[in-house]
Amino acid sequence: MAFTAMRTVGAFKVLAARSSLCLSRPGAALVARPASVRTFSAAASKVSKVLESELKHEESQYEKPKEVQTFLKNSPFKLVEAEGDVNMVLERQMGEKTVRIEFQLTSPMLAEEEGEEADHESTELSISVDSKDGAGITFYCSTQAGEDHRYVIGNVKTYASAEEKDSIVSYNGPDFEDLDEKLQESLDEYLAEVGMSTEVCDFVDAMASDKEQREYVRWLKLTKKFMES
């Protein structure tokens, strides 16, 4: 019986050794890898082809809005933007003060969800007039359809420094509609004096939509490049 037990133990050792050898062989650990790599490459290639088709379509349909080209040629404002950044700024100097109109790209899907007409999308924007010491005033507005008055004023915020302007706990000012009518009228005239106009609203709406389109095309290119790398 002792001999039988020894043979049994020996058999287990042989089996264990064989199992260990099978796991340690170079080919054993790599069996599943080629299939996995091939699957990933095939999927990436498929994505790349679809992206290429979409990219060709978008580029063939793209045309720079006339409002953008005309405005930049004739306006005292300079446009500041960067690839990959959703924020845009129109900037100009008026004596010792700096006027900045800030806005972002507009998603066409958002406009559809809100039930707005396809030919006009409301764009939120802020108009800031700042002194060199950081003190200033900011009007929070949004564009609207129409020919007489193309924007609506929400809040009007004033601040004594750049820190107060950017602080999330600082007072945002009263609702414009709650102000005395004469004050509303005079502030509206002030906005017109610093450059806010129908032409600016037309540009902002067109540029917000154009920027979204250009960023989408850039996304297509970057995604395609990544899938092919």
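Me: Where does Thr123 lie in this predicted model?

Reply: Thr123 lies in the loop between helix H4, residues 108-113, and strand E4, residues 124-130. The model is a predicted one.

Me: Why is Thr123 called buried?

Reply: A residue counts as buried when its relative accessible area is under 20%. The value for Thr123 is 2%, so Thr123 counts as buried.

Me: What makes the pairing of Thr123 with Asp205 a polar contact?

Reply: A polar contact requires a pair of N or O atoms within 3.5 Å, one able to donate a hydrogen and the other to accept it. The side chains of Thr123 and Asp205 make such a contact at 2.7 Å.

Me: Which residues is Thr123 in contact with, leaving aside its neighbours within four places in sequence?

Reply: Among them are Phe103, Cys141, Val204, Asp205 and Ala208. Contact here means heavy atoms within 4.5 Å.

Me: Why are strands E3 and E4 said to pair?

Reply: Two strands pair if at least two bridges are found between them. Strand E3, residues 97-104, is joined to E4 by six bridges, so the two strands pair, and they run antiparallel. One example is Phe103, whose bridge partner in E4 is Leu125.

Me: How do you know that E4 and E5 pair, and in which sense?

Reply: E4 and strand E5, residues 136-143, share seven bridges in the antiparallel sense. The requirement is at least two bridges, so E4 and E5 count as paired. Val129, for instance, has Ile137 in E5 as its bridge partner. E4 and E5 form a hairpin with five residues between them, and Gly134 in the turn has a positive phi of about 100 degrees.

Me: What makes E4 a mostly covered strand?

Reply: Six of the seven residues of E4 are buried. Each of those six is therefore under 20% relative accessible area.

Me: What is the order of the strands in the sheet, and why do E1 and E6 stand at the edges?

Reply: The six strands form an open sheet in the order E1-E2-E3-E4-E5-E6, with antiparallel pairing. Strand E1, residues 78-80, and strand E6, residues 151-159, each have a single partner strand, so one side of each is left without a neighbour in the sheet. Neighbouring strands of this sheet are turned by 20 degrees against each other on average, direction ignored.

Me: How do you know that E5 and E6 pair?

Reply: Seven bridges join E5 to E6, and the two strands run antiparallel. At least two bridges are required, so E5 and E6 count as paired. Within this pairing, Ile137 stands opposite Thr158 in E6.

Me: Why is Phe176 counted as buried, and where is its place?

Reply: Phe176 has its place in the loop between helix H5, residues 162-166, and helix H6, residues 181-193. Its relative accessibility is 9%, and the limit is under 20%, so Phe176 counts as buried. Leaving aside neighbours within four places in sequence, Phe176 is in contact with Ile153, Gly154, Val156, Gln184 and Leu187.

Me: What makes the pair Lys64 and Asp210 a salt bridge?

Reply: A salt bridge needs a side-chain nitrogen of Lys or Arg within 4 Å of a carboxyl oxygen of Asp or Glu. The closest N and O atoms of Lys64 and Asp210 are 3.3 Å apart, so the pair qualifies. The pair links distant parts of the chain, with Lys64 in the loop between helix H2 (33-61) and helix H3 (66-74) and Asp210 in helix H7 (residues 198-228), 146 residues apart.

Me: Why are Lys64 and Asp210 placed in the classes partly exposed and buried, respectively?

Reply: Partly exposed covers values between the limits for buried, under 20%, and exposed, over 50%. Lys64 has 29% relative accessibility, so Lys64 counts as partly exposed. Asp210 has 4%, so Asp210 counts as buried.

Me: How do you know that Lys211 and Glu81 form a salt bridge?

Reply: Their side chains meet at 3.1 Å, N to O. The cut-off is 4 Å, so this pair is a salt bridge. Lys211 and Glu81 also belong to a network of salt bridges, together with Lys64, Asp210, Arg214 and Glu215.

Terms used. Residues numbered from 1 in each chain as written. Predicted model: local features only at pLDDT ≥ 70, side-chain atom pairs only at ≥ 80, totals over all residues. Heavy atoms only, no water. Helix = DSSP H or I, 4+ residues; strand = E, 2+ residues; numbered from the N terminus. Buried < 20%, exposed > 50% of the residue type's maximum accessible area, 1.4 Å probe, protein only. Axes fitted to C-alpha atoms, helices over the stretch in contact; angles between N-to-C directions.
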